[in-house]
Amino acid sequence: MQREPSNWQVYFDRRNTIIGRVCRDVEERLQQRGKGPRVPKDDDVFGPLSEATAIAVAQGDYDLAVDLFHRVFDVVGRYEDPPDYVLHKGAPTFNVGVAYLRNYDFRAAMHYFQVAENETNTTYSGTNHDIYQDHLFDRNFWATVDATSAGTAYPNKLYEELWGKPLDATAAKADWAKLTPDSKLLYIITTAERIRYRQLADLAPRCRDSESLKLAYWNLSADIARLVETEARNRSTSKDAKTLLAMLSQGFKTVGLGDLSKYVQNLHDNVYKVKEGPTYNAHFKTIMGIVRDATRPRMDRIGHAVYLLGATRNQVAHSVDQSLILYQDISAAQDVTDLLFALANLDGWAK
């Protein structure tokens, strides 16, 4: 007596059937296309893949979308033979980037978005297409920033408290646009990671203090602190300062707030003197309290924020200290990363 296939077997058989048919349809178009250089019309060759990917993403089956891409590109590899046979692959590489983005694999997503950008610029010779300004990226990434960072889900309250506006897509894109090329990609990746880590903490609140999430926030703090340091050095008038605190204490004497460097140096030399974990932990709540205190003068609030940037960077850059409040307390880590994102608005304090 023959056994009926299990539901799981039927499920996997159907997935394999979908992948097989898409590969077959794309291969038929590859055969019809024949040899030649890349052309925009190559999007039609990948039409079956684009349609199947769109359906998979719409259904939340991101793994299927990724599998479809890689299986089809195995077929493509048998046909492409540069320089005689080269395809324009902008559409499928962008689409798989969306699938990776929705599946929270941000590094893979940005990799394929950049591949799509290069494909477009190569095919449309003479253009300078910026994938991060494209309307499709706008819809798939910046719209998520609006829905989460500026909405009721995961707003950056420190950004709004310091600058008087929400960190919505408009504000984030404006801050991003003023970054140097060294920091643009890191800003997008860390923005996505910030949203994802908030989701993880909320999805399983009793597990929000897992070692994995603590380490994730530690690395996020290090990444965004490095980004702000990179941009601050670009604007600093002190190009020879070797450490971040030295640069902050020397290179911002004539900004709109006044002598910010003098203020930061006084905090370090005479008030907090943060040099290691215990002093960081001892003064953290006091410093954050002043940053949040709307009754304080702006120099007090922003000066303390900038000082905390330097102190945090020194703590997270070289090693993992599990005794630090940023590791022990997820709420503290969220506050610090939000503050660092606020300081990525360099015009707010370094201009």
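How do the residues of the lining of the largest cavity divide into nonpolar, polar and charged, and what does this lining consist of? In the predicted model examined here, the lining of the largest cavity comprises three nonpolar, one polar and five charged residues. The residues concerned are D175, K178, L179, E231, R235, A344, N345, L346 and D347, and the space that lies in this cavity amounts to about 50 Å³. The structure holds two cavities of 30 Å³ or more, and the second largest of them contains about 30 Å³ of space. Its lining is made up of V145, S149, L167, T191, R194 and F341, which by class gives three nonpolar, two polar and one charged residues.

Aromatic contacts were examined next. A pair of aromatic rings is described by the distance of the centres and the angle of the planes. With centres required to lie within 6.5 Å, the count comes to 19 aromatic pairs. One of these is formed by W142 and W176, which are arranged edge-to-face, with 6.3 Å from centre to centre and 65° between the planes. Because W142 belongs to helix α6 (residues 135-148) and W176 to helix α8 (residues 169-177), the pair ties together parts that are 34 residues apart in sequence. Both partners fall under the 20% limit for burial, W142 being buried with a relative accessible area of 1% and W176 being buried with a relative accessible area of 3%.

A tilted pair is formed by F252 and W349, whose centres are 5.4 Å apart and whose planes enclose 50°. This pair links distant parts of the chain, 97 residues apart, since F252 is in the loop between α11 (244-250) and α12 (260-271), whereas W349 is in the segment after α16 (330-343). F252 and W349 are both buried.

W142 and W176 also belong to a cluster linked by ring pairs, in which they are joined by F94, F113, Y132, F137 and F141. The ring of W176 has, in addition, the charged end of K184 sitting over it, at 4.2 Å from the ring centre. A further charge placed over a ring is found at Y104, where R196 lies over the face at 3.5 Å from the ring centre.

Among the lysines, K214 is placed in helix α10 (residues 211-235). With a relative accessibility of 8%, K214 counts as buried, because the limit for that class is under 20%. When residues up to four places away in sequence are not counted, K214 touches D209, Y327, Q328 and I330.

Methods: Residues numbered from 1 in each chain as written. Predicted model: local features only at pLDDT ≥ 70, side-chain atom pairs only at ≥ 80, totals over all residues. Heavy atoms only, no water. Helix = DSSP H or I, 4+ residues; strand = E, 2+ residues; numbered from the N terminus. Buried < 20%, exposed > 50% of the residue type's maximum accessible area, 1.4 Å probe, protein only. Contact = heavy atoms within 4.5 Å. 1 Å grid on protein atoms, 1.4 Å probe; cavity = no way out; pocket = protein on both sides within 12 Å on 5 of 7 lines; lining within 4 Å. Points joined across faces, edges and corners; volume = space filled by probe spheres on them. Nonpolar A, V, L, I, M, F, W, Y, C, P; charged D, E, K, R; others polar. Phe/Tyr/Trp six-rings, centres within 6.5 Å; stacked < 30°, edge-to-face > 60°. Lys NZ or Arg CZ within 6 Å of the ring centre and 35° of its normal.
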